[in-house]
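This report describes one protein chain for a reader who has not seen it before. It moves from one strand and its partners to a single residue, and then to the chain as a whole.

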Amino acid sequence: MNLQHWADALNSHWGITADLRRLDGEYDLNFMATDTEGTGYILKAMRPGCEAWLVEMQVQAFQHIATRSPDLPCPRVIPAADGAAVLSLPDADGAARLCWVLECLPGKCYANAAPKTLSLIHEVGAVLGGAGKALADFQHPGLQRDFKWDLMRADWVGSEIDSIADPARQSLIREIDTDFAKLEPVLATLPKQAIHNDANDYNIMVTGELTEPRRVSGLIDLGDICAAPRVCDLAIAAAYIVLDHTDPEAALAALVAGYHSAYPLTPQEVDLVYPLLRMRLAVSVVNSTLMAAENPDDPYVTISQAPAWRFLEGVDIHPGLLSARLRAACDMPVVDGADRVMQWIKSERGNFANLMGEDLSDAPMGSLSVENSTWPQNPFHMPLAEAARVGEEFEDGGKIWLGYYHEPRLIYAEPAFRKGPYKASNRRTVHLAVDAFAPAGTPMFAPMAGEVFVVENRTGHLDYGGVIILRHVTPAGDPFYTLYGHLNPECCTRLKVGDQIEQGAAFCRLGDASMNGGWAPHVHFQLALTTQGIEADWPGVGDPDEMYLWRAVCPNPAALLNLPDDKCRYEPTSKEAIQQGRKDHFGGNLSLTYADPVMLVRGWKHHLFDEWGRPYLDAYNNVPHVGHAHPRIQAIAADQLKRMNSNTRYLHPAQTAFADKILSKLPDHLEMCFFVNSGSEANELALRLARAHTGVKGMVTPDHGYHGNTTGAIDVSAYKFNAKGGIGKSDWIELVEVADDYRGSYRRDDPDRAQKFADLVDPAIAALQQRGNGIAGFIAETFPSVGGQIIPPKGYLPAVYDKIRAAGGICIADEVQTGLGRLGEYYFGFEHQGASPDIVVMGKPIGNGHPIGVLITTRAIADSFAKGPEFFSTFGGSTLSCRMGKEVLDIVDDEALQQNARLMGAELITGLTALQDKHASIGDVRGMGLFLGVELITEDGSEATQICSYVKNRMRDHRILIGSEGPKDNILKIRPPLTIDSEGVEMILAALDSILSEVSQS
Ligand SMILES: Cc1ncc(COP(=O)(O)O)c(C=O)c1O
């Protein structure tokens, strides 16, 4: 192989002057050629002796695709200067090789692309389908070739099974081969056409880095093209797509739906995808086993089989349910006749016997949705006492009320409804039945004649108790099934499988909580068009992200209840409608987090739920300091609102109780309290106090700080006034560099960095004095948060405070982010610094969602302020606020949340530091307790803003909410409610590890 030789050939025959790089190739020479303008070509010099028809066939096929579907991302053939597509040229040894040149498509191969999202996979399917459609009328005698990669001839595997040593693997391959043999008659009836036949993950190119969408940019290499049923092409691509995918069934559904969108399949073809996929994997493992025997010293041959074995041996897919899924993804009836069944049921609406013995047209609906109801209080645990009372708010003297189909609910709280190891893993929430709530003992009547298919007593915790499934047949002979759950299990002694039930027969009755699984008496009435893969054990609720499947398998049974579909079907609030409403009525600078924003409607401790009941781990919000929806906070609010809620013009013991509680956490010299409604107001007030006490206005503050949204607070918030469109710095402000010893002027290797950072205050003081502003004070977030979760070197603040006080100013510690135990080791950040502030400001976490701001100061400063006009805040220090604030502080103590912050923070830092060793994009891990920052960097150590945005959005895909901060927005901010536990920590670390691996792939 001589690069110059081939570069010369390319130049003299194609007129392309390019640098060449050798690419992988099993038998042929492939070169990547980049010309002087950066345009890429692929030069292919086939093995000597390669038959001309093989190259011609590929060339013609590419040309055919380019003519039929010019928009498909398939490479063009670049003709030589004389117009020929293929030339016979001597290689450096003088051997003649057939040579041809293709356009080089951008991107990396699918194998190396990450993440492999469902939308990318859908597009792979669409491109493959598009190519199949384009090749449908392509003819070439070579297409009838006889070779081992023709899936139609895969039965050669049967005679080679003995090459596999492991008997269990032998029998697995034999089983696949036997299944395949059964398909051969069906396959033989399918039309054959030219297919790509090798859409493996190295033959699909993908573009898109980090936050850009991933797009298919190439379907390359027609070296295995042959004539076969088109579904073989799809099955071969599928055999690669599923390998090591976290959700192979969803991946398959996306691929097949994509193919179908470009080149519509028949249901029969869709059903063939999975068995053919397995056969292709069998071909692949048997082939590599044979190759391994031929090349015993090549470990790669064995390693390359591993993912295929992992899939074949480890992934448990029910073929019947998968067929329903793939059909549903293509909008086809899940089984043949399913559409006829639904048409018939709908046409008979009104003629069915009334299930509950009465017309339900006027029966009220009761919503148990995640949005509308708070059952259960703890969405991760449904106590029996609560289950037995579910929906009691809709109770009306025993009258029947109905529960919705298609309604996401949180009442399915047991781990069995979870689809992963974590509380925030996907969970099945969406109800697939209609419920009728009525007193225990209420008889039920068969809507139409049927045969008992299942009758059982399911005694498990919160299961069905008595349950019956009836099998029905429409007049056209199509079967369907209805399920009745939460029955009195007496039906089990009366009925047996195969019994015939007449239309209108009273065949069962409602059980009470002692026998129906533990629930308030009701029937769960579900329709299914197939029992493939669910048999007797139907899911009563589905994963919101799989509703395309479950809506099709278990449609709305309203017609069987003689009710209109709309009455019984629930639709969660549309996220898009809310987003539009915000656009219509809210200012453009009210921002939303995430490219695809989330709508959150319920919470519990450190978890949140969206309108579909999807759980999220909240690793970002510090407002719910003691956890979302804390029962003690609910109780205090309800209790006080039952009594009265007034202001500080009247006496109430809650005022001093709150003050005493806060002051018990602070040094003795801080003894005077001001209650307001927000951190902004508290800081605004702090500025007034500083001016009142010093008689001057000048303030020193670190750069990129944030103290609130009011006029004065913005003036001291460089993060806002220096932002694009900001008001700029006022003349009474001087900024100093943030004491960031990772990226700032003085680094961690400098033992004097605290003093050096503090010394930067000197010129700021001098400048203010020079301008005649004087020094009213210094205000800083004790640990700068929006500045990048910075922990200043110890001793920094006391040194700054000394300088400020020497100049006559006072020192304000904004502890909105850092106070109240979040730091674990310290209740307030200034304790870590050994600093003694004159004013401490507290904000949002102190109300756990209720708006409270607090300012604590010295008697001398309060006295100076008291010389001015009356201070009054209507809601600051309201009776309710005082009780809420004290309760939050009490809960932090009673539930040892400061200790929890210390322990969980330590676990996080240990895990994050281990990730730092593994992932070059982590530059720094810093923080304390549950106030943590992970600084992401690029290869040259600069701020990785794009990576940070990518990670934040991908964490959301993994159901974890985190934030990002820093002047260049490259620092991940982890700041959960103080209730987070080890499971949450583990989830954060696992997700971050996997996402950062995607980053290193891109
Ligand atoms: C450090 C700091 N101070 C003050 C504020 C302002 O608080 P609020 O939004 O309650 O007015 C914030 C808000 O994020 C903050 O982080």
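How many bridges join strand S5 (residues 87-90) to S6? In this predicted model, the two strands are joined by 4 bridges and run antiparallel.

**Strand S6 and its partners**

Strand S6 covers residues 96-103, and 6 of its 8 residues are buried, so the strand is largely enclosed by the rest of the structure. Besides S5, strand S6 pairs with S3 (residues 40-45) and with S4 (residues 77-78). Both of these pairings are antiparallel. The table lists each partner strand with its bridges and one pair of facing residues.

| Partner of S6 | Sense | Bridges | Pair of residues |
|---|---|---|---|
| S3 (residues 40-45) | antiparallel | 5 bridges | Lys44 and Trp100 |
| S4 (residues 77-78) | antiparallel | 2 bridges | Val77 and Leu102 |
| S5 (residues 87-90) | antiparallel | 4 bridges | Pro90 and Ala96 |

S5 and S6 form a hairpin with 5 residues between the strands. Within this hairpin, Gly94 takes a positive phi near 90 degrees. In a regular strand, side chains alternate between the two faces of the sheet.

**Residue Val816**

Val816 sits in the loop between strand S31 (810-814) and helix H25 (829-833). Is Val816 buried or exposed? Its relative accessible area is 9%, and because buried means under 20%, Val816 counts as buried.

Leaving aside residues up to four places away in sequence, Val816 touches Asn622, Gly679, Val841, Met842, Gly843, Lys844 and Pro845. Between Val816 and Asp893 there are 77 positions in sequence, and their C-alpha atoms are 18 Å apart in space.

**The chain as a whole**

The protein chain has 1002 residues, of which 58% count as buried. Its secondary structure consists of 30 helices and 38 strands. Along the principal axes, the C-alpha trace spans about 100 × 90 × 50 Å.

Among contacts with a separation of 6 or more, 73% are between residues 24 or more positions apart. The accessible surface of the chain is about 39,500 Å², and carbon and sulfur atoms make up 51% of that area.

The chain carries 87 positive and 128 negative side chains. The centres of these two sets lie 5 Å apart.

Key
Residues numbered from 1 in each chain as written. Predicted model: local features only at pLDDT ≥ 70, side-chain atom pairs only at ≥ 80, totals over all residues. Heavy atoms only, no water. Buried < 20%, exposed > 50% of the residue type's maximum accessible area, 1.4 Å probe, protein only. Contact = heavy atoms within 4.5 Å. Pairing = 2+ DSSP bridges. Areas by Shrake-Rupley, 256 points an atom, 1.4 Å probe, with all protein chains shown as cover. Lys, Arg positive; Asp, Glu negative; His and termini not counted. Charge placed at Lys NZ, Arg CZ, Asp CG, Glu CD.
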